[in-house]
Amino acid sequence: MRGQWFIDGTWQPLEEEESNLIEQEHLSCFRGQRIQESFEMDVSKSIDGKDGSGINYSVAYHLPPFSLPSLFKWRGYKASTDAAGLKRKRFQAVHSFKLSRNHVDWHNMDEVYIYSDATTSKIARTVTQKLGFSKASSSGTRLHRGYVEEASLEDKPSQTTHIVFVVHGIGQKMDQGRIIKNTAMMREAARKIEERHFSNHATHVEFLPVEWRSKLTLDGDTVDSITPDKVRGLRDMLNSSAMDIMYYTSPLYRDELVKGLQQELNRLYSLFCSRNPDFEEKGGKVSIVSHSLGCVITYDIMTGWNPVRFYEQLMEKEDELPDEEWMSYEERHLLDELYITKRRLREIEERLNGLKASSMTQIPALKFKVENFFCMGSPLAVFLALRGIRPGNTGSQDHILPREICNRLLNIFHPTDPVAYRLEPLILKHYSNISPVQIHWYNTSNPLPYEHMKPCFLHPCKESTSIAENEGISTIPSPVTSPVLPRRHYGESITNIGKASILVELDHRIDFELREGLVESRYWSAVTSHTAYWSSLDVALFLLTFMYKHEHDNNAKPDLDPI
């Protein structure tokens, strides 16, 4: 964030968009103007050096393009200035400016206050002003143009070697700016974890919010116009949240959602690189953390999945499997000719597409390679299953997300999150009987590295985890065709060498599950768990573990406790 206007006391910067608007208004009102035009003040001073001459004059200062607050101090007048008149004029706003949810009052160039326009704030201002308090002292927050201290080279943060785009899911229209708050919570949790586990590193990970929903028009207000008035509050909440799922499944609006997120990701990446020109040259990496529906949209952007092309592929398969019963000889002959013609047509189209591809370079959807794709509370597995993805017989992530597109896919979920689903059983069927990896608590001392954690069955049945020595290998069901067993709770580790050698194991684990609290109510947790990822220190440690992993692996002597 580039700060220009700061809050008094805390010296926190205003949001960049509001700060830019205030700065433009400030310069348009005060740059190049005399002070008395904005704040009349008579200054008594002896011109000929003799006391008591009483000659009055006005001080004329000019506002530079950008100055620190020290440059705005009033100079050239004596303490004998009329204090009462000065105080009265001080609290008279000489200029006001309306923002979306606030307004700003200028009492002079140096005294600027911001006020909330919420109904409760307006009522509070009215009451306190009737009691004799000034508007500024009762509900205003003073702003400063420029920071309280000058910057030095030692103040600059550690070099950013890894940026993380944080993508929201549904409901952003209902609470605009929520992804910024959620990202701030995740960033704060990550900073605490960095200080505890990664303090010896000279670099750090930066989290950047991606707000893609509010700029979309979609159907305008058509859905609102057809919404009945009864229980309007509940209906408006559903229109602002769950309706996003219906928009994404609509062939009319899906592309608008995809392009909205794609363009915002590329815009933020270009903006970051313009402000950090060494990022790409020094091999900076990019990861994405997506939540809820945002996981599905991000996945479709990376893979280029398109429902129209998917439908065409299904139609081609139907054409290849006709019902030949009760067909006459002439019908079969004509059908054979039709197949030959279609096959010839497809060959011509493929040759034409090949010529087009060779003559022009295909522009990738994203301007960067994704190192890690973290899904939180994700329904992606359901979408993939409904698109026809079925388990294979290899343990490669490429079955659902090629490694050339994204180096690592990680699916994080709370066990009671009603929106989250597992991805591993879509790669290998028998993983529906193997528990997801348990995410370490952030305060666990010397936890076992995730790559060293052995798979565990979801049920404790002995016959499923051991094999008698005299039993033949033929009695063991295939990992791909074996029936899904009833799941109860986590059981024994897969330690039997015979069975472990037969079962296909994944190249690396994908499903990671947060641990339930000891006194946590599952019914209450089902309501709150879907939005509980942002401030979780366990999630923050998990994310940083994999983001710092490449740097940690390259060091011969890591200065970091094993995570």
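In what order do the 7 strands of the open sheet with parallel pairing lie? In this predicted model, the order is β9-β8-β10-β11-β12-β14-β13. The edge strands of this sheet are β9 (203-210) and β13 (437-438), each of which pairs on one side only.

The chain as a whole contains 19 helices and 14 strands. Of its 563 residues, 39% count as buried. Contacts between residues 24 or more positions apart make up 76% of those in the chain with a separation of 6 or more. The exposed surface of the chain amounts to about 32,900 Å², of which carbon and sulfur atoms supply 54%.

Within the parallel sheet, strand β8 (159-167) is joined to β9 by 8 bridges, and the two strands run parallel. In this pairing, V167 has V210 of β9 as its bridge partner. Strand β8 is also joined to β10, again in the parallel sense, by 6 bridges. Two positions illustrate the register of β8 against β10: F165 stands opposite I288, and V166 stands opposite V289. Because 7 of the 9 residues of β8 are buried, this strand is largely enclosed by the rest of the structure.

Strand β10 (residues 285-291) continues the sheet towards β11 (residues 370-376), to which it is joined by 5 bridges in a parallel arrangement. Here H291 of β10 stands opposite M376 in β11. Like β8, strand β10 is mostly covered, with 6 of its 7 residues buried.

Helices lie across several strands of this sheet. Helix α6 (residues 178-197) lies across β8, β9, β10 and β11, and runs at about 165 degrees to β9. Helix α10 lies across β8, β9 and β10, and its direction makes an angle of about 160 degrees with β8. The strands β8, β9 and β10 are thus crossed by α6 and by α10.

Helix α10 (residues 254-275) also packs against helix α12 (residues 293-303), with an angle of about 80 degrees between them and their axes 10 Å apart. Since angles of 65 to 115 degrees count as roughly perpendicular, α10 and α12 are therefore roughly perpendicular to each other. On the α10 side, the contact is made by R254, L257, V258, L261 and Q262, and on the α12 side by I297, T298, D300 and I301. By class, this contact comprises 5 nonpolar, 2 polar and 2 charged residues.

Another helix, α8 (residues 232-240), includes M237. With a relative accessible area of 37%, M237 is partly exposed, because values between 20% and 50% fall in that class. The C-alpha atom of M237 lies 8.3 Å from that of G171, although the two residues are 66 positions apart along the chain.

A further open sheet is formed by 5 strands, in the order β1-β7-β6-β5-β4, and its pairing is antiparallel. Its edge strands, β1 (5-7) and β4 (95-98), each pair on one side only. From one strand to the next, the twist averages 30 degrees. Within this sheet, strand β6 (residues 112-116) and strand β7 (residues 141-145) pair in the antiparallel sense over 3 bridges. One of the paired positions is I114, whose bridge partner in β7 is T141. Helix α1 (residues 16-30) lies across β1, β4, β5 (102-106), β6 and β7, and runs at about 30 degrees to β5.

The model thus includes an open sheet of 7 strands with parallel pairing and an open sheet of 5 strands with antiparallel pairing. Helices α6 and α10 lie across strands of the parallel sheet, whereas α1 lies across strands of the antiparallel sheet.

Methods: Residues are numbered from 1 along each chain as its sequence is written. This is a predicted model: local features need pLDDT of at least 70, side-chain atom pairs count only at pLDDT 80 or more; totals for chains, interfaces and linings use all residues. Side-chain values use heavy atoms; hydrogens and water are left out. Axes are lines fitted to C-alpha atoms, for helices over the stretch in contact, and angles run from 0 to 180 degrees between N-to-C directions. Helices (H or I, at least four residues) and strands (E, at least two) are DSSP runs, numbered from the N terminus. Angles under 35 degrees count as roughly parallel, over 145 as roughly antiparallel, 65 to 115 as roughly perpendicular and the rest as oblique. Contact means heavy atoms within 4.5 Å. Ala, Val, Leu, Ile, Met, Phe, Trp, Tyr, Cys and Pro count as nonpolar, Asp, Glu, Lys and Arg as charged, and the others, Gly among them, as polar. Two strands pair if DSSP finds at least two bridges between them. Buried means under 20% relative accessible area, exposed over 50%, partly exposed in between (1.4 Å probe, protein chains only). Accessible areas come from the Shrake-Rupley method with a 1.4 Å probe; for residues, only the protein chains shown count as cover.
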